[in-house]
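Have the sequence and the 3D view ready, and let us take a walk through them together. We will go slowly and stop at a few places along the way.

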Amino acid sequence: MSTRILTIEDDEEIRRVVSIFLQEEGWQVSQAGTGEQALEIFADKENKVDVVLIDIMLPGIDGFEVCRSIRKDSDVPIIMVTARADTHDVVAGLEAGADDYLTKPFALKELSARVRAMLRRARTPEAGDLERIKVGELEISPEEGLVTKNDVELNLTKTEFKLLVELAVQPGKVFSREVLLEKVWEYGYFGDGRLVDVHIRRLRTKVEDDPASPRYVVTSRGLGYKLQP
Amino acid sequence: MYKALSDLLLKTEWWRGLLAKLTIAYAFGSLILSISVAYFTFTIAQDQLIADFEESALIQFGENLIEARTGLAALPENSDEDPETSSAIINSVDEKVKHTATSDSILVLEGIGVRMGNRSRREIPEAQTSLIQESELSGMYYKFESEKRYIVGTRIENVNGFINADYHELHVLTELDETIKKLRRILIGAAILSGLAGATLGYYAAKRALSPISRVSSAAREMAAGNFQTKLDQEADPDLAILSSSFNEMVDKLRERVERDQRFTSDVSHELRSPLMTLSASIELLERDKENLSDNAKEAVELIDNGLKRFVQLVEDLLEISRMDAGAVQLQLTPFGLPEFLLQVISHSVGTDIELRHSNRDRNLVISADKRRMAQVLSNLISNAKKYAGGAKSISFRRIGDSVQITVEDEGPGIAIKDRQRIFERFSRATNDAGNRGTATGVGLGLSLVAEHVRLHGGKVWATDRIDGKQGSRFVVEIPVGEIFDTGEDLA
């Protein structure tokens with residue numbers, strides 16, 4: 001079954017050229033011009049969507065809302081497209097549930113790199129790759145893609161899970177934002193550190209008893225994060 | 001220390017301030033008032049003291065005069081013939097007259113001289129002697145051997161039926177004089193104190209009266225810093241209510257305007273990005289199919305691609321600058337290691353061979369800055385060197401106190417002194433020493449963005465000659481190292 005990408009963009013020209021490109025890359029493409037249309041397509045179980053590409057500025061229900069609706073019952077990878085990198089839009093989008101973002105105008109090469117990185121993250125790690133890790137009340141099973149806290153399964157997205165696993169490989173070791181960006185998102189040195197910060201925050205709301213004073217996912221000297229053993 | 005104080009006093013012209021003016025006016029007013037009060041108090045008190053003194057001196061004189069008259073009536077007709085009787089009579093009178101510690105009697109018997117007391121005739125001023133011949137009673141103030149004195153006296157005609165006697169009482173006024181002097185000192189002191197009290201009161205009263213103004217100015221400062229949420233509380237005073245309400249109105253209007261500008265920028269940015277997105281994506285699709293194109297078409301695609309890239313960069317730069325003008329830029333400060341950052345910047349700048357230099361002490365230097373913007377600062381400096389100076393040769397940095405200086409050096413023609421400020425302005429390009437405009441193409445926004453970004457970080461950037469004497473220019477970026485937080489959330 002081939003990979004299906006849902007691209008949500010109100011500008012028809014952009015939607016067309018992006019769709020042509022994605023198809024040339026060998027993926028199936030579903031197109032939506034509005035948020036409502038996108039949610040309809042997403043709800044269609046016949047054509048399961050593997051990656052969502054969503055423009056934040058949409059008529060009707062906006063991209064953030066679409067993001068939140070999708071996140072309610074799906075951990076599908078979401079890449080959002082924003083007009084500017086330095087606004088609160090990026091953080092708001094990430095907090096609404098997006099895994100990564102691109103700013104317009106983005107290079108198509110960059111888009112395919114992002115999609116591929118997402119797909120790699122979404123794939124369950126190969127069995128025997130990693131041992132089961134226990135940290136406090138947390139138990140991480142990399143091969144099953146499962147995290148439990150007091151034997152209750154936590155509902156993490158693929159990105160959150162991958163982030164937790166990377167930290168769990170060496171509990172107590174500080175990972176800089178740059179390292180985490182490279183390992184989880186496959187970005188180079190100049191990737192946006194806010195990706196890490198917002199995902200860490202999302203992760204904390206799921207694994208910590210009190211996200212405001214974290215027990216597991218700890219900030220270290222402002223330079224990076226570590227998993228407190 | 002002294003210099004700082006004198007600078008403060010002389011250069012700041014503090015006295016021109018409203019607060020200082022009001023305080024000085026209060027001090028001056030209360031000083032004048034207390035000086036006049038003190039002056040009148042002094043005059044009245046002095047007069048009263050003198051009047052009291054004169055009254056008691058005259059009462060004493062009157063009583064003593066009766067004693068003298070009665071006693072001296074028994075003097076023999078010719079005292080010379082019976083000096084013992086005379087002396088005895090005079091002594092008994094002398095014992096009967098009453099005196100304070102500062103007064104004495106002087107009795108002058110006509111044709112005989114001074115008797116009674118141990119004062120000499122010299123101590124009686126001549127005016128007094130002649131005055132008592134004309135009137136019954138004479139009192140006068142005078143100075144004797146720089147001592148202030150008062151003398152009162154009268155002539156007793158035919159004191160024993162035969163000769164005249166002059167009876168005086170002399171008061172040494174040192175004590176009264178001291179009292180008056182003391183009073184004067186106390187009143188002067190009180191005047192100065194109340195002047196100071198007036199100044200203090202004036203300062204606080206003025207401060208209180210000016211507090212609405214200082215509230216307005218601190219609100220205005222907040223606004224200048226981009227905080228348009230600042231509002232003044234409605235003043236109860238009707239005079240000040242106008243000020244606060246019109247200030248608040250102005251804040252609202254300004255905020256609306258800034259918000260409109262920001263919205264406009266954001267809308268324009270979105271509107272421009274969409275067609276640019278279509279164009280650049282389409283070119284990318286074409287380039288993937290390059291092999292199927294004719295040579296001319298291939299070249300055309302390349303030209304469009306280059307032009308488009310420059311266009312995109314220009315739009316990005318213009319939008320960044322307009323965002324800065326609108327005050328809409330917020331730095332995203334994150335801590336990062338500077339050596340690694342600079343190595344990454346260098347490795348991302350294609351086609352250049354740049355050396356990174358720093359002291360061993362700074363090898364683990366971490367700074368807190370907006371990484372994306374600092375990367376743009378450095379890549380702009382590097383591409384500037386590439387365009388105008390044959391490429392940057394080295395980047396170095398060193399920590400100086402709470403700041404870090406990052407230096408980019410090239411071996412180009414250098415920058416004329418007159419251009420060293422101008423190159424950081426928008427759409428300006430340096431002329432080299434020969435005065436040529438240079439052949440490189442590019443829009444002069446790069447360095448102005450560098451300056452703006454650095455300024456946003458609270459730092460500065462400047463261009464100089466190389467300090468090692470070689471030809472070339474040296475761009476120095478100085479920014480604060482910033483605070484590195486130990487724990488806590490990194491995003492607001």
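What follows is a short tour of two sheets, one helix beside them, and a few features of the other chain. Keep in mind as you look that this is a predicted model.

Let us begin in chain A. Find the open sheet of four strands there, whose order is S6-S7-S8-S9, with antiparallel pairing. Which strands stand at its edges? They are S6, covering residues 133-135, and S9, covering 152-153 of chain A; each has a single partner strand, so one side of each is left without a neighbour in the sheet. As general background, strands of a sheet pair through backbone hydrogen bonds, and they can do this in a parallel or an antiparallel way.

Now zoom in on one end of this sheet. Strand S8 of chain A, made of residues 146-149, pairs with S9(A) over two bridges in the antiparallel sense. If you want a residue to look for, try Thr148(A): its bridge partner in S9(A) is Glu153(A).

Next, move along chain A to the other sheet. Here three strands form an open sheet in the order S10-S12-S11, and the pairing is again antiparallel. The edge strands are S10 (175-176) and S11 (217-220) of chain A, each of which pairs on one side only. S10(A) is joined by two bridges to S12, residues 224-227 of chain A, and the two run antiparallel. Ser176(A) has Gly224(A) as its bridge partner in S12(A).

Which helix lies across S10, S11 and S12 of chain A? The answer is H6(A), running at about 75° to S12(A). This helix, residues 158-169 of chain A, also lies across S6, S7 (138-141) and S8 of chain A, where it runs at about 105° to S7(A). Turn the view until you can see H6(A) with the strands of both sheets that it lies across.

Finally, turn to chain B, which has ten helices and twelve strands. Of its 492 residues, 24% are buried. Among the contacts in chain B between residues at least 6 apart in sequence, 60% join residues at least 24 apart.

One residue makes a good last stop. Gly189(B) sits in helix H5 of chain B, which spans residues 174-224. Is Gly189(B) buried or exposed? It counts as exposed, because it has 11 C-beta neighbours inside 10 Å, and the cut-off for exposed is 12 or fewer. Its C-alpha atom is separated by 9.4 Å from that of Ala38(B), although Gly189(B) and Ala38(B) are 151 residues apart along the chain.

Terms used: Residues are numbered from 1 along each chain as its sequence is written. Chains are lettered from A and ligands numbered from 1 in the order in which they are written. This is a predicted model: local features need pLDDT of at least 70, side-chain atom pairs count only at pLDDT 80 or more; totals for chains, interfaces and linings use all residues. Two strands pair if DSSP finds at least two bridges between them. Two residues are in contact if their C-beta atoms, placed from the backbone, lie within 7 Å. Axes are lines fitted to C-alpha atoms, for helices over the stretch in contact, and angles run from 0 to 180 degrees between N-to-C directions. A residue is buried if 20 or more other C-beta atoms lie within 10 Å of its own, exposed if 12 or fewer, and partly exposed in between; C-beta atoms are placed from the backbone.
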